[in-house]
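Welcome! Please open the structure in your viewer and keep the selection tool at hand.

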Amino acid sequence: MTSTFFALLARDVRVLRSNAVTFVIRVIMQPLLLVFVFTYVFPKIGQAVGGSADAGAFSTILIAGVVALSIIFQGIQGVALNLVQEFGYTKEIEDRVLAPLPIWAVAAEKVVAAAIQGIIAAAVVFPVAAFVPATPVHLAVDWPVLVTLAPLAALMSGALGLAIGTLIPPQQVALIFAIIVLPLTFLGAIYYPWQSLHTIPWLQYLVLVNPLVYLSEGFRAALTSGVAHMRLLYIYLAVVGFGALLWAVGLWGFRRRVLT
Amino acid sequence: MAITNRAERAEENKRPIAPTDHLGDEVVRAEALTKVFGGPATSPARGSGSPARGPGSPSKPIRGRDEPEGMAGNKPGDEPDDTVASPASGGSRAGGARSDGAHDDRTRGDGARSGGARGDSGASGDVGSGAARGNGTSAGAGAGRAAHGGLVAVDHLDLSVRRGEIFGLLGPNGAGKSTTIGIFTTRVIPTDGRATVAGIDVVRHPARAKRVIGVVSQANTLDRSLDVRDNLYYHGRYFGMSRRESTQRAGELLEQFHLADRAHAPVISLSGGMAQRLMVARAIFHRPEVLFLDEPTAGLDPQSRLALWDLVRELHAGGQTVLLTTHYMEEADQLCERLAIMDHGRILALDTPAELKRTLGASSEIRLEITGDAGALAALLAEELGDATTGVKAVDGAVRCFVRQAGGVVGPAVAAAERAGVTLTNVLVTEPTLESVFISLTGRDLRE
């Protein structure tokens with residue numbers, strides 16, 4: 001069974017390698033534009049972003065959010081969009097569903113493949129952060145947090161992708177952007193620490209249903225010092241909890257799609 | 001009006017397949033296999049953690065929505081397949097499902113046995129002669145439902161396929177063929193009953209069962225992200241072959257299936273016939289005990305169809321067990337050693353193609369294509385021709401008479417048509433085909 005699992009993974013890595021150029025474009029565009037506009041253009045034109053005049057602090061805050069966003073996007077792009085397509089009109093997932101594995105393991109492989117892409121996408125943010133911003137980015141890496149949180153975050157994002165990919169009907173892919181990607185992004189504590197929302201209490205508590213909040217906060221804890229963040233315990237609990245929930249939903253959806 | 005005799009042509013289509021006496025032990029088995037779509041499950045599927053069905057309205061027609069989603073797609077231009085509205089209730093049983101066969105008595109009595117659910121169907125045009133089959137099988141009974149509101153796609157099916165055999169499920173779209181194959185290939189969870197492949201219960205042990213099956217489904221399910229060779233190579237890897245072994249076998253099969261020159265082509269560039277060959281190559285790559293082919297030639301051009309038949313025969317000669325579905329009677333006739341004729345989720349008859357045709361008791365079929373009241377003409381013919389016929393059926397604007405001897409009957413039949421006041425547009429005299437058998441069993445033709 002493990003050999004089958006790794007063969008499925010090898011297939012996905014093979015596909016990723018042969019699509020290396022488009023993959024790199026896919027993972028680099030979003031952090032590049034975010035970082036470029038918010039940490040290069042805005043400071044240059046004197047636009048006040050980040051509340052205070054401390055543009056450097058804003059850049060630092062933003063980078064952690066961008067890492068989180070990049071990971072979660074790979075879950076959606078790497079799994080959800082693929083699955084929508086494979087379940088929808090191409091049916092080509094069938095050969096993998098017929099591989100000698102339990103169905104849950106086939107789904108798990110999808111999640112792991114997405115997690116690998118998520119980690120790569122996160123890694124891409126760092127060189128972007130090093131070269132693009134006009135104002136200095138002060139990263140203070142907490143390695144134990146980073147190396148434990150990043151894989152968990154990537155797996156959770158893969159599970160999110162599985163859930164989305166199996167629940168959204170193929171004809172309604174556009175919905176993914178309207179009802180998932182946009183709220184996730186704009187209310188994901190990417191541009192501001194979650195605690196700074198305390199001036200809008202209802203929003204501060206509402207956004208707690210957004211898993212990206214915990215990833216942003218977590219990477220803020222892992223990459224910055226002196227920036228307020230949620231307690232690490234809550235972050236880990238939330239990432240694992242959301243991961244488990246999304247995995248359960250995703251697996252249910254996957255079974256529903258491949259079994260009758 | 002033209003009189004055509006197709007007997008000669010039929011004579012040329014001799015089946016090259018050897019009879020079944022070389023066959024070994026049983027390798028595929030179904031016992032009382034039942035699949036009900038929608039509605040509450042009569043008894044939960046064993047060993048399945050999966051919900052029988054997502055939220056949805058049980059009253060809606062099951063086509064499409066309830067098929068193995070993402071799996072049982074159809075080739076372009078093909079009819080939507082196989083989900084069935086069977087009028088039979090959960091308690092009814094197919095009569096002729098045993099392997100000894102399709103003998104008249106058993107299939108005839110069927111309607112009576114399956115009880116009230118079907119009593120209203122009134123087989124249209126089933127007039128019958130002295131030897132008429134009284135099966136009340138519904139003709140176009142449409143969306144019949146099980147007592148509890150579900151739709152019965154497979155209804156207490158018993159089946160046994162022996163090692164080395166090419167076994168066919170023949171029936172119209174919606175007969176339950178693909179659902180049956182779906183169960184054997186672990187993608188459809190049966191509502192009740194038992195299915196085994198090579199002794200492995202496919203419901204309890206799907207992952208183990210997948211090792212011993214090879215599947216070619218109706219849709220093109222090739223991996224579009226990989227080239228032709230890698231579709232085979234990675235398939236081998238999924239089944240635990242080493243890199244070297246998988247590479248070597250991919251090379252061999254590309255040669256055998258005449259795809260070697262396309263090894264590095266993207267699969268979307270393949271023609272329909274080539275794609276189908278590659279799917280077969282992939283399905284047998286891991287040397288499965290049983291190869292399942294679901295409508296393998298639907299949507300293929302005639303030449304590719306013949307090529308695929310040859311391929312299947314070649315695999316059969318190598319000892320491969322094959323279970324296929326088809327709604328092409330020629331395919332069933334040419335390819336299969338034994339056949340189960342299916343309708344409404346049940347097996348109506350099961351035997352060798354030759355034996356099935358023999359059970360008609362007729363040497364010829366006279367088909368009168370008319371405009372006018374086919375039912376009335378059928379009644380008249382049944383009366384006039386008397387013992388010369390073994391059955392008269394009105395189907396789809398034509399009347400079919402199964403006769404012991406065509407000589408001396410064609411004239412009176414035509415004369416009767418003139419007298420009945422219908423307009424004859426064509427008269428054909430043919431050898432009985434499997435379609436004749438299907439019509440005689442159901443009162444409908446395969447294309448409906």
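Here is a short tour of a predicted model, one selection at a time.

**Stop 1: a helix in chain A.** Select residues 232-258 of chain A, which form helix 10. Its 27 residues reach 38 Å from the first C-alpha to the last, close to the 39 Å expected at 1.5 Å a residue. Now colour the buried residues of helix 10 of chain A; among them are A:Phe242, A:Trp247, A:Phe254 and A:Arg257.

**Stop 2: a covered strand in chain B.** Move to chain B and select residues 290-294, which make up strand 8. How many of its residues are buried? The count is 5 of 5, so mostly covered is a fair description, given that a residue is buried if 20 or more other C-beta atoms lie within 10 Å of its own. Show the side chains: B:Val290, B:Phe292 and B:Asp294 point one way, while B:Leu291 and B:Leu293 point the other way.

**Stop 3: the neighbours of strand 8.** Add strand 7 of chain B, residues 213-216, which runs parallel to strand 8 of chain B and is joined to it by 4 bridges. Then add strand 9 of chain B, residues 321-326, which pairs with strand 8 of chain B in the parallel sense over 5 bridges. Pick B:Leu293: its bridge partner is B:Val216, and B:Leu293 also stands opposite B:Leu324 in strand 9 of chain B. Finally, show helix 9 of chain B, residues 302-317, which makes a right-handed β-α-β unit with strands 8 and 9 of chain B.

**Stop 4: an open sheet.** Still in chain B, find the 4 antiparallel strands in the order 3-2-5-6. The edge strands are strand 3 (151-162) and strand 6 (200-201) of chain B. To finish, select B:Val197 and its bridge partner B:Ile200 in strand 6 of chain B.

How values were computed
Residues numbered from 1 in each chain as written. Chains lettered and ligands numbered in written order. Predicted model: local features only at pLDDT ≥ 70, side-chain atom pairs only at ≥ 80, totals over all residues. Helix = DSSP H or I, 4+ residues; strand = E, 2+ residues; numbered from the N terminus. Expected span 1.5 Å × (residues − 1). Buried ≥ 20, exposed ≤ 12 C-beta atoms within 10 Å, placed from the backbone. Pairing = 2+ DSSP bridges. Right-handed = clockwise from strand over helix to strand, strands pointing away.
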